[in-house]
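Notebook open, model loaded. I want to jot down what I look up as I go.

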Amino acid sequence: MMRLLLILLIVANVASALLVVFARHEHRQLFVQLNKLQRERDELNIEFGRLQLEQATWAESNRIDQVARERIGMRFPEGAETVVIRP
């Protein structure tokens, strides 16, 4: 009986040690994956900031005015071309 209990305790101890090793290995893999995802998030945040800056540059009113005049040939109407409609 005592011998069976001792064998059972040794098996439980070895199983516990193997589970600890497995848990630490899984923890390390998840930590590496977490670091990779955080780097990717940071790179995406930097790219998003660049895109916001580019969008703000393209959307400036003087830029839109310049493009409308040069590419489309738009201009402000002269005084005689302005019609006021009253109700």
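Is Arg-75 buried or exposed? I looked it up: Arg-75 counts as exposed, at 52% relative accessibility. A reminder to myself that this is a predicted model.

**Entry: the Arg-75 pair**

I checked what Arg-75 does with its side chain. Arg-75 forms a salt bridge with Glu-81, and the closest N and O atoms are 2.9 Å apart. Glu-81 itself is partly exposed, its relative accessible area being 43%. In general, side chains of opposite charge can pair when their charged atoms come close.

**Entry: other salt bridges**

I counted the salt bridges next, and the total comes to 4. One of them joins Glu-47 to Arg-50, with 3.1 Å between the closest N and O atoms. I noted that both of these residues sit in helix α1, 3 residues apart, which is about one turn of the helix. On accessibility, Glu-47 is partly exposed at 34%, while Arg-50 is exposed at 52%. I had the cut-off in mind here: Arg-50 gets the label "exposed" because that takes over 50% relative accessible area.

I also looked at Asp-42, whose side chain meets that of Arg-41 in a salt bridge at 3.1 Å, N to O. Asp-42 is partly exposed with a relative accessible area of 36%, and Arg-41 is partly exposed too, with 45%.

**Entry: charges over the chain**

How many positive and negative side chains does the protein chain have? I get 12 positive and 11 negative ones. The centres of the two sets lie 12 Å apart.

**Entry: overall form**

I pulled up the secondary structure and found 2 helices and 0 strands. The radius of gyration is 35 Å, well over the 12 Å that the globule rule gives for 87 residues, so the protein chain is more spread out than a compact globule. I then took the spans of the C-alpha trace along its principal axes, and they are about 115 × 35 × 15 Å.

How much of the protein chain counts as buried? Of its 87 residues, 1% do. I wrote down the exposed surface as well: about 8800 Å², of which carbon and sulfur atoms supply 65%.

**Entry: along helix α1**

I went through some residues of helix α1, which covers residues 2–58. Ala-15 is found in helix α1, and I have it as partly exposed at 35% relative accessibility. From the C-alpha of Ala-15 to that of Arg-3 I read 18 Å, for 12 residues along the chain.

Phe-31 is in helix α1 as well. I checked how covered Phe-31 is, and at 46% relative accessibility it counts as partly exposed. Its C-alpha lies 21 Å from that of Ala-17, and the two residues are 14 apart in sequence.

**Entry: a nonpolar patch**

Which residues form a nonpolar patch on the surface? I found Met-2, Leu-5, Leu-8 and Leu-9, which together have about 450 Å² of accessible area. I looked closer at Met-2, which has its place in helix α1. Met-2 is exposed, with 66% relative accessible area.

Definitions and conventions:
Residues are numbered from 1 along each chain as its sequence is written. This is a predicted model: local features need pLDDT of at least 70, side-chain atom pairs count only at pLDDT 80 or more; totals for chains, interfaces and linings use all residues. Side-chain values use heavy atoms; hydrogens and water are left out. Patches are made of residues with over 30% relative accessible area and no salt bridge: like charges are joined within 9 Å, nonpolar side chains (Val, Leu, Ile, Met, Phe, Trp, Tyr) within 5 Å. Accessible areas come from the Shrake-Rupley method with a 1.4 Å probe; for residues, only the protein chains shown count as cover. Helices (H or I, at least four residues) and strands (E, at least two) are DSSP runs, numbered from the N terminus. Buried means under 20% relative accessible area, exposed over 50%, partly exposed in between (1.4 Å probe, protein chains only). The radius of gyration is taken over C-alpha atoms; the globule rule is 2.2 Å times the number of residues to the power 0.38. Lys and Arg count as positive and Asp and Glu as negative; His and the chain ends are not counted. The place of a charge is taken as NZ of Lys, CZ of Arg, CG of Asp or CD of Glu.
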